[in-house]
Amino acid sequence: MTADLPEPVRPGDVRASHAERDAVVERLQEAAAEGRLDLHELDARLEQALIAKTHADLASLTADLPPVVPVDPGRPLVLKGGLNGVSRIGRWQVPARIIAYGGLGGAKLDFIRTDCRLSAVEVEVHGQMAGVTVVIPDGWAAETGGVDPGLGGLKDLTTSDRLSGTPLIRLSGTGGPAGVVVRHPNRWERRKLRRNPPQ
């Protein structure tokens, strides 16, 4: 007598974990920041992500978004603002070297939610027509002596109170016509952090 074997579970029917739901929430928030989702779409999808039961439920929420390309820490991350701008926000893998071009739409590097174990990160900035903004957490420090302010200037709004074990963001490059800003989180970003603190 042969025992009945359970039917195999399809990959999409595997139960989703809290971490997998959180990852989709972050991807949706990044997509909204990139202009791919409006606020109404973001709210609707976030609500569905929080109650998703399976991998298929989660996959449907990001199926129309481009995949996130993992960063090779051995190569520089290159961001080009182009016409529509570019941003790197949320949780992302920080390489040792980053090159950011403001282009016509601007570029934003947001390190607030990153878990960076490097002692220093080299960030080459080119403000061009729309500028580059670099946001670092409280306790991180920036070294800006390598930036030529250009016409747009350089605004370093960070403090020198670097905590032990945090990376130094070492900037070089040029401000160009629009300039470069390096700062800590603003009031709106701090409010978001209080509502949704990093895990």
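Which residues of α2 are buried? In this predicted model, the set consists of Leu42, Arg45, Leu46 and Ala49. Looking down the helix axis, these buried residues of α2 fall within an arc of 105°, so they line one face of the helix. That fits the usual helix geometry: with 3.6 residues a turn, residues three or four places apart point the same way. The cover over the buried residues of α2 includes α1 (18–33) and α3 (55–62). Turn to the other side of α2 and the picture flips, with His40, Asp43, Glu47 and Ile51 exposed.

The helix itself passes a quick sanity check. Helix α2 takes in the 13 residues 39–51, and at 1.5 Å a residue these should span 18 Å; the end C-alpha atoms sit 19 Å apart, which agrees. At the start of α2, the backbone nitrogen of His40 has a side-chain oxygen of Asp38 within 3.1 Å.

Zooming out, the chain contains four helices and ten strands. Read from the N terminus, the order is α-α-α-β-β-β-β-β-β-β-β-β-β-α. The C-alpha trace spans about 80 × 35 × 35 Å along its principal axes. Some 39% of the 199 residues count as buried, and the accessible surface adds up to about 11900 Å², with 54% of that belonging to carbon and sulfur atoms. As for contacts between residues at least 6 apart in sequence, 68% of them join residues at least 24 apart.

Now for the aromatics, where the structure holds two pairs. One of them is Trp92 with Phe111, a tilted arrangement at 5.2 Å centre to centre and 40° between the planes. This pair links distant parts of the chain, 19 residues apart: Trp92 belongs to the loop between β2 (86–88) and β3 (97–101), and Phe111 to the loop between β4 (107–110) and β5 (120–126). Trp92 counts as buried because its relative accessibility is 9%, under the 20% cut-off. Phe111 is buried too, with a relative accessible area of 0%.

Phe111 also pairs with Trp140: the ring centres are 5.8 Å apart and the planes lie at 50°, so this pair is tilted. Trp140 is in the loop between β6 (132–135) and β7 (141–148), while Phe111 is in the loop between β4 and β5, so the pair ties together parts 29 residues apart in sequence. Trp140, like Phe111, is buried. Put together, ring pairs link Trp92, Phe111 and Trp140 into a cluster.

Notes
Residues numbered from 1 in each chain as written. Predicted model: local features only at pLDDT ≥ 70, side-chain atom pairs only at ≥ 80, totals over all residues. Heavy atoms only, no water. Helix = DSSP H or I, 4+ residues; strand = E, 2+ residues; numbered from the N terminus. Expected span 1.5 Å × (residues − 1). Buried < 20%, exposed > 50% of the residue type's maximum accessible area, 1.4 Å probe, protein only. Arc of directions from axis to C-beta. Contact = heavy atoms within 4.5 Å. Polar contact = N/O pair within 3.5 Å; in protein donor to acceptor, adjacent residues only side chain to side chain. Areas by Shrake-Rupley, 256 points an atom, 1.4 Å probe, with all protein chains shown as cover. Phe/Tyr/Trp six-rings, centres within 6.5 Å; stacked < 30°, edge-to-face > 60°.
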